Amino acid sequence: METEPQEIVIKGINASPGICIGKAYLVDSEGVEVVPKYRIQDKELSNEIKRFKAAVKKARDELRKIVEQSPEELQNAHILETHIALLKDKMLYTRTIETVKQEKVNAEWALKKVVSNLIEVFQTMTDPYLKERSADVIQVADSIMHNLVGTKKVNIAAIDKRVILVAHDLTPAETSQINLEWVMGFITDRGGKASHTGIIARSLEIPAVVGLRTATALIRSDDLIIIDGNTGTVIIRPTEDSLFQYEARKTDYEQYKAVITRESQAPAETEDGVRLAVMGNIELPEEVFAVINYGGDGIGLYRTEFQYFNRDGFPNEDELFDKYKDVVDVMHPKPVTIRTLDINGDKALNNQFSAEETNPALGLRAIRYCLRRPQVFKYQLRAILRAAASGNIRILFPLISTYFEICEAVRMLDNAAESLEKDGLPYNRDIEIGAMIEVPSAVIMADVIAEKVDFFSIGTNDLIQYALAIDRGNEQVAHLFQPLDPAIIRMLKHTADVAREKEIKIFMCGEMAGTPHHIPLLLGIGMDELSMNPQSIPDIKRVIRSLNVGDARSFVREALKQTTARSMFELIKDTYGNILSEQLYSG
Ligand code: PEP
Ligand code: MG
């Protein structure tokens, strides 16, 4: 009889709140790189060997099928026949079984060990033919390994059973293909909280934990797992007790969400009567409904690049216009802030138009890309101006790092308007223009950039990445990604002060705005508007209603004396703990 493997609890980064329980579905094809190692109890040894034999049989069946379907020339070359024979070779097959028995380790690990030894032996051979054969051994071992680990490269969009995705990493483009009917949540080995993958999970409103490092090594397809996206916990093969406990937590969380969502249609007004706009960030047009349902006062950030993913060419102007118009019409008369294309960085296009870059975060991203591809940019600018003829649109330029860039962007917007005039198409050039403040040089040059725009929108995801030199998607340094670092708070204060002096508005659309315990600081610093993933709107509105701007301003003076992110956090806790403790799930 097969014995139940032990429950394992692993901790990662809470990328998207909520709890889900379901079967794992591994979507990576990492081959021998993600080989798990664990001990096998004596009584489980025969099961483990059976598992190995089954994986070999499956690999043989797969190879046979390929042989039958392959052209005659390939069949004659006997390459695949050699592989089939190798599957049962003593050096590979028998030795792996012996290693499982002797070392009491899992089959994947035993196989990996046997293969490494074999490769070494082949490499010492002088006969070039035999030396070459190590490649065959690796390929054969790989096919067994894939069957053992249960990994397969899958088309995420095609998944049609209720599962939890388990991946080494997911790109934003892959994540945006998730079909919500089937995928309950996902977890990854890689990634940080401000990674675009995490951001999309929050938009999709499915629980997600990223940066787990060992998830793909510990989990096999069809394992039962629990994701707690509130705390960043993943429980593999849970016990009855854990299942019971998490079912209860899931219900509590859903009830809590329902309560705050009900209150969320009311405005966010502080105790001393200051109203703050609380807006939603969206990636795809259909997410506007979530913003409306959660009581958003408009769209503070529409990440338009997602319309350029998962397709062969660029969308044309009419396609873009239709999408923008849909969003504007649904939100009317509330404002929609359309951010121009921010591709590359961690959002490379998966088509032939994107070039390989060694250092993509510092590369041809966002406005830099658009200024290099004026035609692509022009289509988008024309589509935005056309949609503005029928609704309340603001335009926002990303990754501005020099005055020249904002001047060029505005010049191209004027050119686009002129071309529409010539074409006799309806448009509206009289829209508010904003610059994203997300590169330290833009903070320093804020007074100059302010001359060209009507508002700033602070993108803390990138500002933290570039100011503290922390890759926003790298789990190794995720603990250093600190919105409360005094350097960041000083930059926010400086930018807000400049905005006030220059009489332009100051918004924030980075993830920092969607975290309850940051709100007293942001209010005191003087933000006019906060934009966040739609799910966070109810929580943030609730916090704003319990605060007082006068107090928050004095609080900022204290905060600016802090020297570390930790002391900043402690100060928030000491001063506002009573308000924030109500936020059971503040993340
Ligand atoms: C940011 O950088 O904070 C931001 C809002 O933009 P994105 O996350 O799309 O880079
Ligand atoms: Mg950004």
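Biologist: How far is a polar side-chain atom of Arg365 from an oxygen atom of ligand 1?

Modeller: Keep in mind that this is a predicted model. The pair to look at is an oxygen of ligand 1 and a polar atom in the side chain of Arg365. The cut-off for a polar contact is 3.5 Å, and this pair sits at 3.2 Å.

Biologist: And how much of the accessible area of ligand 1 does the protein cover?

Modeller: On its own, ligand 1 has 290 Å² of accessible area. There are 17 residues around it, with Arg303, Arg339, Gly459, Asn461 and Arg472 the closest. Arg303 puts a side-chain N or O atom 2.7 Å from a ligand oxygen, and His196 has a polar side-chain atom 2.9 Å from one. The share covered by the protein comes to 100%.

Biologist: Which protein donors does the magnesium ion have, ligand 2 that is?

Modeller: One sits in the loop between strand 14 (432-437) and helix 16 (440-444), the other in helix 18 (residues 460-468), so the pair ties together parts 24 residues apart in sequence. The loop residue is buried at 2% relative accessibility, and the helix residue is buried with a value of 2%. Both donors lie 2.0 to 2.1 Å from the ion, and they're Glu438 (OE) and Asp462 (OD).

Biologist: Is Val288 buried or exposed?

Modeller: Val288 belongs to helix 11 (residues 288-293). Leaving out residues up to four places away in sequence, Val288 touches Ile282, Ile299, Val327, Val330 and Met331. Its relative accessibility is 1%, and the cut-off is 20%, so Val288 counts as buried.

Conventions:
Residues numbered from 1 in each chain as written. Chains lettered and ligands numbered in written order. Predicted model: local features only at pLDDT ≥ 70, side-chain atom pairs only at ≥ 80, totals over all residues. Heavy atoms only, no water. Donors = N, O, S within 2.8 Å, 3.2 Å for Na, K, Ca; no water. Helix = DSSP H or I, 4+ residues; strand = E, 2+ residues; numbered from the N terminus. Buried < 20%, exposed > 50% of the residue type's maximum accessible area, 1.4 Å probe, protein only. Contact = heavy atoms within 4.5 Å. Near = heavy atom within 4 Å. Polar contact = N/O pair within 3.5 Å; in protein donor to acceptor, adjacent residues only side chain to side chain. Areas by Shrake-Rupley, 256 points an atom, 1.4 Å probe, with all protein chains shown as cover.
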